Amino acid sequence: MTKINRTNRLAALRSSTLFKACVALAGLLTASQGHAATLVSEANRPLTFGVFAALFLITLGITFWAARKNSSVKDFYTAGGALSGRINGLAIAGDYLSAAAFLGVSGLIAIYGLDGITYVIGFFVSFIPVLLLIAEPCRNLGKYTLGDVLAFRNNFRASKFAVAISSVLVALFYMVPQIVGGAVIIAALIGIPFEISVVSVGVLMLVYVLFGGMRATTSVQILKATLLIAFCFLLVVLSWAPYGFNVSAFFGDLVGSSAVQKHVLGTLLNGVSQLSAEQAGQRFMEPGLYLKNPLEQISLSLALVLGTAAMPHILMRFFTVRDAQSARTSALTAMLLIGLCHLFIIVIGFSAALHLGPFAITAMDKGGNLAAPMLAQFLGGGADSLLGNLMLAFVAAVSFATIVAVVAGLTLAAASTLAHDVYVGAVRQGKATEREQATAARLATLAIAIIAICVGISAKGQNVAQLVGLGYAVAASANLPALLLTLYWRRCSTAGVVAGLLGGTVLSIGLVLVSPNMTYPLQQKQVALAAAAKSQTKIDLIDKGALVATAAEREQLLSDVTKQQQTASLIPDSATSLIGLREPLVQLRNPGLISIPLGFALVILFSLLFPSQLSQSRWVEFAVRRETGLGVAQAAQH
Amino acid sequence: MKQDSIWGAIFEHPNFAILVKRRRRLVSTLMLISMAVYFAIPLFSAYFPEFLSYKIYGAINVGLVYLVGQYFFGAAIAIFYAWRLKNIDAMSAALVSEASVSVNHDQNQPH
């Protein structure tokens, strides 16, 4: 009885704190009006905030409900561990369909055409390894985390500690671009300043995870996935209805659009192409406008396709279902829903190119991230219509919910690794009371949220998009070899697993540090000098009379020369990159092609050099559990 | 005691090796096919762009059909896998119940 009373009081306490957080956040959101040119006009701001508030209240209601239902650590990490496969599949889709996919990819397609599709497919194909190799055995062998699976037949402390390093890094690498990119987009959409956007994503996510655990996170992800997919479907219908759903006529108009033709000739082909206008339009539907280096493309694809299967926040979702069959249904459902949403996003991208034109899209945002919101406004009736602005408000709110849901999933995964693998596992050697575990889980959540908010704010103005690729690369080079070989190779040993986890992490990060992703001042200096020389040549030609130009144009060129020379003179000849290099050591921007095979090689080499009695002796039980799921109930209970 | 002997009993059972082999063959075949189809994209884009540019119907070309087709192909692979696994599930369930019966039986034998 007393225990129940305590739980109720706790729930009441949580909900009153919740309420305070809600009021504070609403204040933050409304205090941020009056900003530079944004997609949502000043007059429509109240409408947009109204939609935000409605969505916000729904999610808080969900969190309140979840907080009352949660009581154990198992509830916190796995929502009780009895979700149905289909529900979990929907939640995985909500976890995985990021703002980068919805806003970023539709923009890429609107600007670069076919290559935008090539880019997004990897995020779908990556679920094939998840379904075939990972989902079922992990459910059969683990409790809350990837660390559980590895520790099953490897040294408990060593494997848990090593996997925590790579997993927390993966979660952070993946999370920071979500928060930063999201905040930039939200700022461009409705003018909420960057810092407030980062803090509100962080605080909101913290409220969901801290009070509602996996139950609230799951519900927010389900809500967001449903809204996102339904809204994308609506945009597709509105795009195709005027064509009577005649796909060929739609694409015919697209390649015939003079805005697209001019964009291909002028921007993408730098005005040096001999293509006719008609051919240029068709060129939009051909490869090579965005992805120009096949080796780079294969390297990125490899990291995407293999990394997803070892992403901690994806793996964690498979512990919320009862058995391997439900895990399989989860992965299958998630894959189909993600694929469906991708197909909608592809249509949205092309529709934006057709209806708005690539110029208008890049004028609003250079990366094209506002293509989908602009299209929603256009299809709803334009900038002056109520429906258009309602649609825009809805896109903005769904995008915001998307960021929060993805970040919440990542935070929960990182926190479970810190609390369950590092503290309860490596430090306490698995001996901690329920109460200690619950406190550890909440403290870890708080820590991750604070780190995410601080890193997010300090990353303002930085290009952090490449961190997503790095997150996938670490997952594919460190976590995946260790997981896959632990699962399926009898001779895999603790030494191999630890070497693979640490080596794969260090290699992927190291390769990025010596890659062209970093800033090399000397290269910038050369670029500036070359640009100055080019402008100077033009001035010389004008002075000789070989080139016709107005005085203003000559003046412009002259100031260009001075500016570039100034930039160059500011960079000393001894300047080096962050880690002291004058030029990149490798030419690959995506490390996957090198680091993934090396990650596998490390696990194999060290397993053969240092075989372990423990790993071999547990193989029989491990293999039987993996195949049959026998003992999965015990695994979920102890 | 009972738990320990059941792992061994199932592991030693001839059907267990067959089960593992069947699942591995299915998984590796599907992985190989789907990855080949997917990694053909960068190869086609870089070395045979004219193949992807070949127009099929109006503005729709092989590239668009091949890329969008990946989604349908991937879905087909996933559904086919789930469908084939029903057999393997049944086989595994039979193996578990057979082994538990024999382990229980052994332990009830007077020594």
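**Chain A–chain B interface and Thr494(A)**

Tutor: Chain A and chain B bury about 4500 Å² between them, 75% of it from carbon and sulfur atoms; buried area is the accessible area (1.4 Å probe) that two parts lose on being put together, summed over both.

Student: Which three residues supply 14% of the area that chain A buries against chain B?

Tutor: They are Leu132(A), Arg328(A) and Glu627(A), which supply more than any other three residues. The model is predicted, with pLDDT of at least 70 needed for local features and 80 or more for side-chain atom pairs, while totals for chains, interfaces and linings use all residues. Residues are numbered from 1 along each chain as its sequence is written, chains are lettered from A in the order written, and side-chain values use heavy atoms, without hydrogens and water.

Student: How many salt bridges are there between chain A and chain B?

Tutor: There are three, a salt bridge being a side-chain nitrogen of Lys or Arg within 4 Å of a carboxyl oxygen of Asp or Glu. Arg328(A) forms one with Asp89(B), with the closest N and O atoms 2.9 Å apart.

Student: Turning to Thr494(A), is it buried or exposed?

Tutor: Thr494(A) is buried, at a relative accessible area of 12%; buried means under 20% (1.4 Å probe, protein chains only).

Student: What is Thr494(A) in contact with, leaving aside neighbours within four places in sequence?

Tutor: Thr494(A) is in contact (heavy atoms within 4.5 Å) with Asn154(A), Asn155(A), Ala158(A), Ser612(A) and Ser615(A). Its side chain reaches the backbone nitrogen of Asn155(A) at 2.9 Å.

Note on methods. Buried means under 20% relative accessible area, exposed over 50%, partly exposed in between (1.4 Å probe, protein chains only). A polar contact is a pair of N or O atoms within 3.5 Å; within protein, one must be able to donate a hydrogen and the other to accept it, and residues adjacent in sequence count only if both atoms are side-chain atoms.
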